[in-house]
Amino acid sequence: MTTERREAVAPTRLMTTVLDEVTVMLQEVLGEYEFADAEITMSTRFHDDLELESIDLVTLSTALREHYGDTVNLAAFIADRGLEEIIELTVGDLVHHVAASLPAAPAAEAV
């Protein structure tokens with residue numbers, strides 16, 4: 001079970017780019033729901049704010065893999081988390097994971 005929480009840090013250019021890309025993917029996933037036009041920030045929670053269901057996470061996982069390749073694996077990212085941690089996941093948590101997973105990401109930007 002993972003209990004790490006990322007502290008607020010100034011977003012890097014990489015994280016800003018990833019946030020923009022993830023936002024587009026989330027808007028596509030949410031396209032049929034009323035949340036499609038919701039403002040998505042680093043602190044947006046998947047469960048409480050966007051009301052994503054497990055099937056939506058599967059769709060998002062597919063979109064992430066299609067865009068970033070196999071290095072970004074949402075299922076592996078959440079696999080070692082408990083239910084409460086999964087419920088509390090934020091877009092920022094995912095952005096940090098994606099940035100850290102990208103092979104070209106310098107270590108300083110992946111923090």
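A salt bridge, as I shall use the term, is a side-chain nitrogen of Lys or Arg within 4 Å of a carboxyl oxygen of Asp or Glu. With that in place, let me turn to the structure before you, which is a predicted model.

By this rule, the count comes to three salt bridges. I shall take each in turn.

Two of these pairings involve Arg45. The side chain of Arg45 meets that of Asp48 in a salt bridge, with an N to O distance of 3.1 Å. Arg45 also forms a salt bridge with Asp49, here at 3.5 Å from N to O. Arg45, Asp48 and Asp49 are thereby linked in a network of salt bridges.

Where do Arg45, Asp48 and Asp49 stand between buried and exposed? Arg45 has a relative accessibility of 28%, and therefore counts as partly exposed. Asp48, at 35%, counts as partly exposed, and Asp49, at 30%, is likewise classed as partly exposed.

The next salt bridge joins Arg81 and Asp80, whose closest N and O atoms are 3.6 Å apart. Arg81 is buried, with a relative accessible area of 16%. Its partner Asp80 counts as partly exposed, at 40% relative accessibility.

Arg81 brings me to another charged residue, Glu85. This residue lies in helix H4, which comprises residues 83-87. Which side chain of opposite charge is nearest to Glu85? That side chain is Arg81, 5.6 Å away. Since a salt bridge requires a nitrogen and an oxygen within 4 Å, Glu85 has no salt bridge, although Glu85 is buried. What, then, does the side chain of Glu85 reach? It reaches the backbone nitrogen of Gly82, at 2.9 Å.

I close with the packing of two helices. In general, two packed helices are described by the angle between their axes and the distance between the axes. Here the pair consists of helix H1, residues 13-29, and helix H5, residues 91-101. They pack at an angle of about 120°, and their axes are 9 Å apart. That angle makes H1 oblique to H5. As for handedness, H1 passes H5 in a right-handed crossing.

To recapitulate: Arg45, Asp48 and Asp49 form a network of salt bridges, while Arg81 pairs with Asp80. Glu85 is buried and without a salt bridge, and its side chain reaches the backbone nitrogen of Gly82. Finally, H1 and H5 pack at about 120°, in a right-handed crossing.

Key: Residues numbered from 1 in each chain as written. Predicted model: local features only at pLDDT ≥ 70, side-chain atom pairs only at ≥ 80, totals over all residues. Heavy atoms only, no water. Buried < 20%, exposed > 50% of the residue type's maximum accessible area, 1.4 Å probe, protein only. Helix = DSSP H or I, 4+ residues; strand = E, 2+ residues; numbered from the N terminus. Lys, Arg positive; Asp, Glu negative; His and termini not counted. Polar contact = N/O pair within 3.5 Å; in protein donor to acceptor, adjacent residues only side chain to side chain. Axes fitted to C-alpha atoms, helices over the stretch in contact; angles between N-to-C directions. Parallel < 35°, antiparallel > 145°, perpendicular 65-115°, else oblique. Left-handed = near helix turned anticlockwise from the far one by under 90°.
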